[in-house]
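Colleague: I'd like to learn how to read a model like this one. Could you walk me through it, feature by feature?

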Amino acid sequence: MDVYYSKATMSQPSIVAFAQGDVTGDGVADYVYLTGIKTPDSPFTQNITLHVKDGRTGVVTNIPLRENVGYNPSLFLGDFTGDGVADILISIATGGSGGIMYYYVVSFVGNKAKLLFDFTIYNDRYQYDVTYQDNYKVEVVSKANNKKYIIDISTKGAEYLAEIYDDNGKLKSPITGFVNPLSGLYPIDFDSNGVYELLAYQKIAGRYNADSLGYILNTLGWKDNRFVLQNQYLAIFGS
């Protein structure tokens, strides 16, 4: 008896995110969408690709993404450069324990794709040193702008502190922490002028990733043809 196996196709992409707005600059709303190959019974998506259908001509442009695998891809349209035309913010979750995300901002003015923001460039630029100090303090140094912050960890709990410090508050041994890559990038129009800034989140960790100490929050605005740091904050977790 011949047996024929029917293999479920996973090779056909489907639309996984959609948005509508004028991204070409001609005043006519365009159709912006992401396609990907979805895994059955899972939000995991492969071969995520950006597409723009010109609302005036109907021409579709396909724009590949360098990192195109992840979870729950999404789109946001908004003007980040101040030219009056919406840009495209793409978000993709990696699914890792650190909540790390992939982000791109793409301009499509004049039907030409231009990458305005790449998460890898951001992560390379915004680096930090995290160093435990005596007396229940952790120093965080932001290298990009040479700023230093001190976190008081005296409320972390007796058991936690006893692993790190002696009875006099001295470090038992040198300890360094780390700051994760981007885990959040949020479009916010801080000054209500119709142009969005980007609010970037990076988690500060101590001895291991679950040992959370706080977040670095960087506000980025478009200036001189690139996103530049406007403000930086350090947000502290409670005990």
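**Reading the model**

Modeller: Let's start with one residue and its surroundings. Leaving aside neighbours within four places in sequence, Ile 88 is in contact with Val 23, Val 32, Leu 50, Val 52, Leu 75, Phe 76, Leu 77, Tyr 104, Val 105, Val 106 and Phe 108. Contact here means heavy atoms within 4.5 Å.

Colleague: Before we go on, what are the ground rules?

Modeller: This is a predicted model, in which local features need pLDDT of at least 70 and side-chain atom pairs count only at pLDDT 80 or more, while totals for chains, interfaces and linings use all residues. Residues are numbered from 1 along each chain as its sequence is written, and side-chain values use heavy atoms, with hydrogens and water left out.

Colleague: Which residues touch the most other members of the largest nonpolar core?

Modeller: A nonpolar core is a set of buried Ala, Val, Leu, Ile, Met, Phe, Trp, Tyr and Cys residues joined through side-chain atoms within 4.5 Å. Buried means under 20% relative accessible area, exposed over 50%, and partly exposed in between (1.4 Å probe, protein chains only). The largest core here has 54 residues, and Leu 50, Ile 88, Ile 90 and Phe 117 touch the most other members. Strand β7 (residues 101–107) gives the largest share of this core, six residues.

Colleague: How many helices and strands does the protein have?

Modeller: Helices (H or I, at least four residues) and strands (E, at least two) are DSSP runs, numbered from the N terminus. In this case there are two helices and 15 strands. The radius of gyration is 22 Å, well over the 18 Å that the globule rule gives for 239 residues, so the protein is more spread out than a compact globule. That radius is taken over C-alpha atoms, and the rule is 2.2 Å times the number of residues to the power 0.38. Along its principal axes, the C-alpha trace spans about 70 × 70 × 25 Å.

Colleague: And how do I read a sheet? What is the strand order in the open one?

Modeller: Two strands pair if DSSP finds at least two bridges between them. The open sheet has seven strands in the order β11-β10-β9-β12-β13-β14-β15, with antiparallel pairing. At its edges stand β11 (147–152) and β15 (226–236), each with a single partner strand, so one side of each has no neighbour in the sheet. Inside the sheet, β9 (residues 128–133) and β12 (residues 176–188) pair in the antiparallel sense over two bridges. Thr 131 has Thr 176 in β12 as its bridge partner.

Colleague: Salt bridges next. Which parts does the pair Arg 56 and Asp 26 tie together?

Modeller: A salt bridge is a side-chain nitrogen of Lys or Arg within 4 Å of a carboxyl oxygen of Asp or Glu, and the structure holds nine. In one of them, Arg 56 meets Asp 26, with the closest N and O atoms 3.3 Å apart. Arg 56 lies in the loop between β3 (44–53) and β4 (60–64) and Asp 26 in the loop between β1 (14–21) and β2 (30–38), so the pair ties together parts 30 residues apart in sequence. Arg 56 is exposed at 58% relative accessibility, whereas Asp 26 is partly exposed at 31%.

Colleague: Is Asp 211 buried or exposed?

Modeller: Asp 211 is buried, with a relative accessible area of 3%. Its side chain meets that of Arg 207 in a salt bridge (3.8 Å, N to O). Through shared partners, salt bridges join Lys 156, Glu 163, Arg 207 and Asp 211 into one network.
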